[in-house]
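Subject: Structure handover

Hello,

I am passing this structure on to you. Please open it first, then read the notes below.

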Amino acid sequence: MTEYTTFGIDLGTTHSCIAYVDRSGRPVVVKNEIGAETTPSVVYFEKPEKVLVGSAAKNSALLAPHLVAEMVKRDMGSRVPSDRVYHKKKYTPEEISALILRELVRSTEKNDEFRVKDVVITVPAHFGIAERDATRRAGEIAKLNVLDVLDEPTAAALHYQTTQSGTGTRHVLVCDLGGGTYDTTVIRLQDKDFQVISIAGDDKLGGADWDERIRDRLLREFTAQHPRIDPTADDVFMQDLMITAEDVKKTLSSKQSHRVGLRFGGVAAQVEFTRAMVEELTVDLLDRVVDVTKRVIDAAARKGVREFDEVLLVGGMTKVPSVAAALQERLGLETRLYEPDLAVAKGAALFAMISRAKRGAASTQQTADDLGISVGQAEAMISTNVQRVVSRGFGVKGVDPADPLAQTRPMQARQIVVHLLQPDTPLPADSGPYPFMTVADNQRMVEVEVYEQAGLVPSEEVADNTKIGRGRLSGLPAGPKGMQIDVSFVMSETGQLSVHATEPSSGAELRFDLQIGNMDQRAIASAQAGIAKHDVSG
Ligand SMILES: Nc1ncnc2c1ncn2[C@@H]1O[C@H](COP(=O)(O)OP(=O)(O)OP(=O)(O)O)[C@@H](O)[C@H]1O
Ligand SMILES: [Mg+2]
């Protein structure tokens with residue numbers, strides 16, 4: 001019997017899901033031990049080195065909120081320290097994510113047919129280089145072989161394509177509104193070719209923001225009815241309130257109104273919610289959803305794509321009727337709810353198979369045997385081509401040539417980030433040489449500082465970008481200022497960035513790959529060993 005070893009994992013902010021491709025070539029979600037297709041991305045640190053992950057952890061959040069880690073995806077790749085401490089031990093977001101991955105693996109491997117080894121993990125399309133790298137590392141810390149990290153909307157589109165019978169070119173807009181992120185992508189599908197046209201997203205916009213608004217309203221109503229009682233210092237009550245808020249939101253997806261009872265400090269309060277009320281509380285969040293969607297549509301239009309054959313809604317939050325309604329009313333989009341909880345994991349499973357098949361050095365027959373699929377399916381996988389794009393702008397800091405001080409006192413002149421790679425450039429991408437100049441006479445070296453767009457749209461303001469790396473080009477020949485230094489960026493198909501700088505007359509050159517985060521192989525090995533010691537269960 002062939003073991004299944006290749007899996008796709010949707011590592012979500014609030015729920016995670018794991019899928020594989022069965023022998024008939026169909027992606028299938030593996031249910032967890034309690035028969036659910038998704039597992040809450042929640043970790044309860046019950047004792048030192050003993051954790052519960054999933055629904056059990058979510059339930060424990062009520063008893064001991066200080067021992068529960070939630071929403072860690074929002075901290076992945078963060079530049080500000082975002083370790084959390086449980087039982088006096090510090091955990092990075094990558095390590096907590098690794099614990100979630102370990103639970104998915106454990107629960108999957110309960111079935112003897114499955115051994116989870118090679119995986120593709122999905123990420124929001126708008127994730128930057130550090131966030132992607134952190135996701136890859138989380139997989140490594142969980143001792144998985146991460147074949148690739150794939151954008152969530154692209155994964156959903158890949159799954160969609162395999163369910164379509166017709167041929168010909170199709171343009172699909174995918175809108176993925178999950179628990180923590182909103183992500184949109186326009187993709188051109190043509191037989192076995194997937195070409196990403198444009199992406200836009202906001203990785204701080206998701207269902208949790210709706211929940212917070214509802215929670216705040218619940219709290220206001222409670223204190224209005226009981227002005228002398230302040231429950232905000234009570235962690236357990238506040239945690240419970242968040243769960244109630246999410247429940248209100250979900251209930252209102254199918255009902256028009258919902259009444260909840262709150263109890264604290266020996267008193268009770270009743271709060272009545274209607275759909276309209278929640279819509280009013282969250283109107284700005286919906287505005288942001290519309291804005292991001294408009295941006296992706298405009299970017300696609302600039303590349304000549306003005307019509308969509310399908311607008312797919314994925315992510316649990318798209319079950320809230322006002323999301324589809326806003327996209328329809330304000331942008332004229334006819335949407336379709338498309339396996340909102342599962343499409344991403346299923347697409348990731350397909351992509352994992354494709355990646356494995358493409359890497360197979362052996363014959364197609366051998367690849368088919370290895371993967372437990374037919375030769376025809378192996379051929380189809382190998383010929384599938386997924387073309388991705390640069391997710392954000394990448395550039396170099398330099399003096400703004402438009403500032404008059406640039407000529408006279410360059411050290412005091414305004415500095416800007418010149419983006420060498422623009423978002424939505426097809427990968428692999430090569431910026432070609434971009435000429436910078438030295439700013440002082442006899443300048444013998446230059447610092448090449450690499451920046452990544454931090455906000456939702458590219459901006460040359462240094463404050464709107466994040467420094468992600470630097471290198472020093474030294475050994476420059478003596479000479480007057482204004483000596484040309486050519487800098488070029490190359491980004492690989494999988495998003496790895498390398499930088500090249502030369503001074504053409506002397507041939508002095510600098511090459512470096514972006515080393516993101518501060519974990520080298522030794523640190524990863526040590527994190528692996530630490531996480532492996534944990535007793536993980538669901
Ligand atoms: N029936 C429903 N009605 C309203 N909201 C729902 C419903 N079901 C799920 N949700 C919401 O969807 C969100 C979770 O969606 P999903 O599982 O797709 O997110 P995720 O993949 O964990 O997050 P992300 O993609 O942002 O990393 C939560 O905010 C949840 O409350
Ligand atoms: Mg998701």
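Start with a hairpin. Strands β5 and β6 form it, with two residues between them. E49 sits in the turn and has a positive phi of about 60°. Keep in mind that this is a predicted model.

The two strands of the hairpin, β5 (residues 43–47) and β6 (residues 50–53), run antiparallel. Four bridges join them. One pair to look up is F45 with its bridge partner V51 in β6.

β5 has another partner too. It is joined to β7 by two bridges, and these strands also run antiparallel. Here Y44 of β5 is bridged to V68 in β7.

Next, the overall layout. The protein is divided into three parts:
- domain 1 covers 4–205 + 290–386 + 528–532;
- domain 2 covers 207–283;
- domain 3 covers 394–506.

How far apart are the centres of domain 2 and domain 3? Taken over C-alpha atoms, they are separated by 50 Å.

Now the pockets.

The largest pocket holds about 1,100 Å³ of space. Its lining counts 48 residues, and T14, H15, M71, G179 and E246 are the closest to its centre. Which domains supply that lining? Domain 1 and domain 2 each give at least three residues. By element, β2 (15–21), β7 (68–69), α5 (207–225) and α6 (235–254) each supply at least two. So β7, the strand paired with β5, also helps to line this pocket. The largest share comes from α6, with eight residues. By class, the lining divides into 16 nonpolar, 16 polar and 16 charged residues.

The second largest pocket has a volume of about 850 Å³. It is lined by 28 residues. Nearest its centre lie G398, V399, M437, T438 and V439. Several elements give two or more residues to this lining, among them the strands β20 (394–399), β21 (415–421) and β23 (434–437). The strands β24 (446–453) and β26 (484–491) do so as well, and so does the helix α13 (405–408). What is the make-up of this lining by class? There are 18 nonpolar, six polar and four charged residues.

To find your way around, try this order. Begin at E49 in the hairpin turn. Go on to Y44 and its partner V68. Then look at M71, one of the residues closest to the centre of the largest pocket. Finish at M437, one of those nearest the centre of the second largest pocket.

Best wishes

How values were computed: Residues are numbered from 1 along each chain as its sequence is written. Chains are lettered from A and ligands numbered from 1 in the order in which they are written. This is a predicted model: local features need pLDDT of at least 70, side-chain atom pairs count only at pLDDT 80 or more; totals for chains, interfaces and linings use all residues. Side-chain values use heavy atoms; hydrogens and water are left out. On a 1 Å grid over the protein atoms alone, a cavity is a set of points where a 1.4 Å probe fits but cannot get out, and a pocket is an open set with protein on both sides within 12 Å along at least five of seven lines; lining residues have an atom within 4 Å of a point. Grid points are joined across faces, edges and corners, and a volume is the space filled by probe spheres set on the points. Ala, Val, Leu, Ile, Met, Phe, Trp, Tyr, Cys and Pro count as nonpolar, Asp, Glu, Lys and Arg as charged, and the others, Gly among them, as polar. Domain bounds come from an automatic or database domain assignment. Two strands pair if DSSP finds at least two bridges between them.
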